[in-house]
Amino acid sequence: MYDFARRVQSIELSQIRKMFEVTNENAINLGIGEPDFDVPENIKIAMKKAIDENYSHYTPNKGFLDLREEITNKFQNENNIKTNAENIIVTTGASEALYMCSQALFDVGDEVLIPNPGFLSYEACVKLSQAKPVELNCLMENDFKLKAEEVVEKINKNTKAIILNSPSNPTGAVMDKEDIKAIGDLSMDHDFFIISDEIYEKIIYENKHYSVGEYSENTVTINGFSKTYAMTGFRIAYLTANEKITSELLKVHQYCTACANSIAQKGACEALTGPQNEVEAMVKEFKRRRDLIVDSLNDMGHECVKSDGAFYVFPKIENPEEFVKEAAKAGVITVPGLAFGSVGKDHVRMSFANSYENIENAMDILRKL
Ligand code: PLP
C-alpha cells in the first residue's frame, strides 16, 4: 500500500468539477465559475505581440516591474492601499496566492477563520498547511454578509488568520464597510493576519467595494485577472502585503512556480492600462441576467437574495439535493449549496455566467420541475 501524506489525504477533489464530468452536453450549465465572455481584444493583441517579441523567458520572481508598478497604482488609486512594486507578487492565479499564504502564514495548531458558505479552496488550503479551519457563518438573514460580531465570537488565542471574500463566491454578498473596518481593527488588536480575496471586486452591481488592506497592516490583498478580464485560462493574479509578509510569501512562490507566465503578465499589464469598456459591458450584462434569475426564482417560490456582486445566486430550495438531481435530469446543471459549507445546506448555487437566453430557458425548465 502507498503511504500518502496525511495532510493531502485530509482533503478531497472538488465535487463541483466531478459533477460537470457526468453532465450531458446539451444541458444548460448554471454551475460555471468563470465569465462566458472572451478576453478583450486589446489584451489578446498585447499577448500576441509579447510572443512575437520573444517574451519567452523567466521573468523576475515577483513579476515584470512595469506590471508591478501598474498594480501599485491600481491599489493606491482604487483601494486606498499604500504599497510599492517591491511588495507586489504576480502569481499563477489567485489560487497560487491563497496557497502561498497558507504555507507561509499557517502552522499546526493555528486556527484560521473562513467564511461558511465559502469558496472551496479556503478549507483545502488551511488543511494542507495543517492548521484548523474555523467557520464563520454568513447567514441569509444578513443577506449572506459576514458580520464583524460573528468574527468576534470565533476569535481566541489560537486565531492566526481570517480569510475574507467580498464579493463572495458562492453568494454574491458584498460586505459592508463598517464590518470590513471592524475586522481590520480586530486583526490589529488581536494580532492575526487577514487574507482578503478580492477577485470579484469589479463584478459588482449595487454596493461599493472596500479593501480591508486600507485599515490593517496585517493584510494580504489578493486580486487578479481571471474574472474581471475573463482570463481564467491564463492563470494570472497578484497580491500585496507589507515587506515582512511579502518576503515570506516570496519564498513559497519562488520554489513553487518561480514566476507567473510571461505572456499572461504582458496581457495583464495591458488589462490594467488599456480601455475598460469591455469590462463595463460585461458587468452590465451580468446585472441584466442577475435581475432575470433572481426575479424568476422568487416567482417560483424559491427565496432568493439579490446578489450585490460576483455572478452567483444562492436561493433557498426545499430538498436541494433532490432539486439538483432533478434539474440535471431535466437539463439544468446547478450546485448543491452544501458543497460550500453547512450554512449552504438548504441552498443551491446558480451561476449567471451563461447567456440571457440560456438562463431564460433554464428558468422555464426549473419552473416545470
Ligand atoms: N477566489 C475565488 C473566490 C474564486 O471564486 C476563484 C475561482 O473560482 C478563485 C479565487 C481562483 O481564481 P484564479 O483563477 O485567479 O486562480
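A residue is called buried here when its relative accessible area is under 20%. By that criterion, strand 12 (residues 348-351) of this predicted model is covered on both faces. Val348 and Met350 lie on one side of strand 12, Arg349 and Ser351 lie on the other, and all four are buried. In a regular strand, side chains alternate between the two faces of the sheet. Strand 12 pairs in the antiparallel sense with strand 9 (residues 312-313), over two bridges, and Val313 is placed opposite Met350. An antiparallel pairing over two bridges also joins strand 12 to strand 11 (residues 335-336); in this case Val335 faces Arg349.

An open sheet of seven strands is also present, with mixed pairing and the strand order 2-8-7-6-5-3-4. Its edges are formed by strand 2 (88-91) and strand 4 (132-137). Each of these two has a single partner strand, so one side of each is left without a neighbour in the sheet. From one strand to the next, the twist averages 20 degrees. Within the sheet, strand 5 (residues 159-165) and strand 6 (residues 193-197) are paired in the parallel sense through five bridges, with Ala161 opposite Phe193 of strand 6. Helix 9 (residues 243-256) packs on this sheet and touches strand 2, strand 6, strand 7 (219-224) and strand 8. The direction of helix 9 makes about 25 degrees with that of strand 2.

Aromatic contacts were searched for in the whole structure, and 15 aromatic pairs were found. One of them is formed by Phe37 and Phe286, with an edge-to-face geometry, 5.4 Å centre to centre and 80 degrees between the planes. Phe37 is located in the loop between strand 1 (28-29) and helix 3 (41-52), and Phe286 in helix 11 (residues 277-299), so this pair ties together parts that are 249 residues apart in sequence. The two partners differ in exposure: Phe37 is partly exposed at a relative accessible area of 26%, whereas Phe286 is buried at 0%. A further pair consists of Phe75 and Tyr238, whose ring centres are 5.5 Å apart. Their planes stand at 75 degrees, and the pair is therefore edge-to-face, a class that requires an angle over 60 degrees. This contact links distant parts of the chain, as Phe75 belongs to helix 4 (residues 65-79) and Tyr238 to strand 8 (residues 237-240), 163 residues apart. Phe75 and Tyr238 are both buried. Ring pairs also connect Phe37, Tyr200, Tyr205, Phe286, Phe311, Tyr312 and Phe352 into a cluster.

Two contacts place a charged side chain over an aromatic ring. Lys266 lies over the face of Phe64, 4.4 Å from the ring centre. In the other contact, the charged end of Arg288 is positioned over the ring of Tyr356, at 3.9 Å from its centre.

Side chains of opposite charge can pair when their charged atoms come close. The structure contains 28 salt bridges. In the bridge between Asp110 and Lys160, the closest N and O atoms are 2.9 Å apart. Asp110 is found in the loop between helix 5 (93-105) and strand 3 (111-116), and Lys160 in strand 5, so that distant parts of the chain, 50 residues apart, are linked. Asp110 is buried, with a relative accessible area of 13%, while Lys160 is partly exposed at 23%.

A second salt bridge, between Lys127 and Glu123, has an N to O distance of 3.1 Å. Lys127 and Glu123 are separated by about one helical turn because they are four residues apart in helix 6 (residues 120-128). Both ends of this bridge are partly exposed, with relative accessibilities of 27% for Lys127 and 33% for Glu123.

In the salt bridge between Asp179 and Lys147, the closest N and O atoms are 2.7 Å apart. The pair spans 32 residues and links distant parts of the chain, with Asp179 in helix 8 (residues 177-190) and Lys147 in the loop between strand 4 and helix 7 (148-154). Asp179 is buried at 3% relative accessible area, and Lys147 also counts as buried, at 17%. Through shared partners, salt bridges join Lys145, Lys147, Asp176, Asp179 and Asp308 into one network.

Key. Residues are numbered from 1 along each chain as its sequence is written. This is a predicted model: local features need pLDDT of at least 70, side-chain atom pairs count only at pLDDT 80 or more; totals for chains, interfaces and linings use all residues. Side-chain values use heavy atoms; hydrogens and water are left out. Rings of Phe, Tyr and Trp (its six-membered ring) pair if their centres lie within 6.5 Å; planes under 30 degrees apart count as stacked, over 60 as edge-to-face and the rest as tilted. Buried means under 20% relative accessible area, exposed over 50%, partly exposed in between (1.4 Å probe, protein chains only). A charge sits over a ring if NZ of Lys or CZ of Arg is within 6 Å of the ring centre and within 35 degrees of the ring normal. Two strands pair if DSSP finds at least two bridges between them. Axes are lines fitted to C-alpha atoms, for helices over the stretch in contact, and angles run from 0 to 180 degrees between N-to-C directions. Contact means heavy atoms within 4.5 Å. A salt bridge is a side-chain nitrogen of Lys or Arg within 4 Å of a carboxyl oxygen of Asp or Glu.
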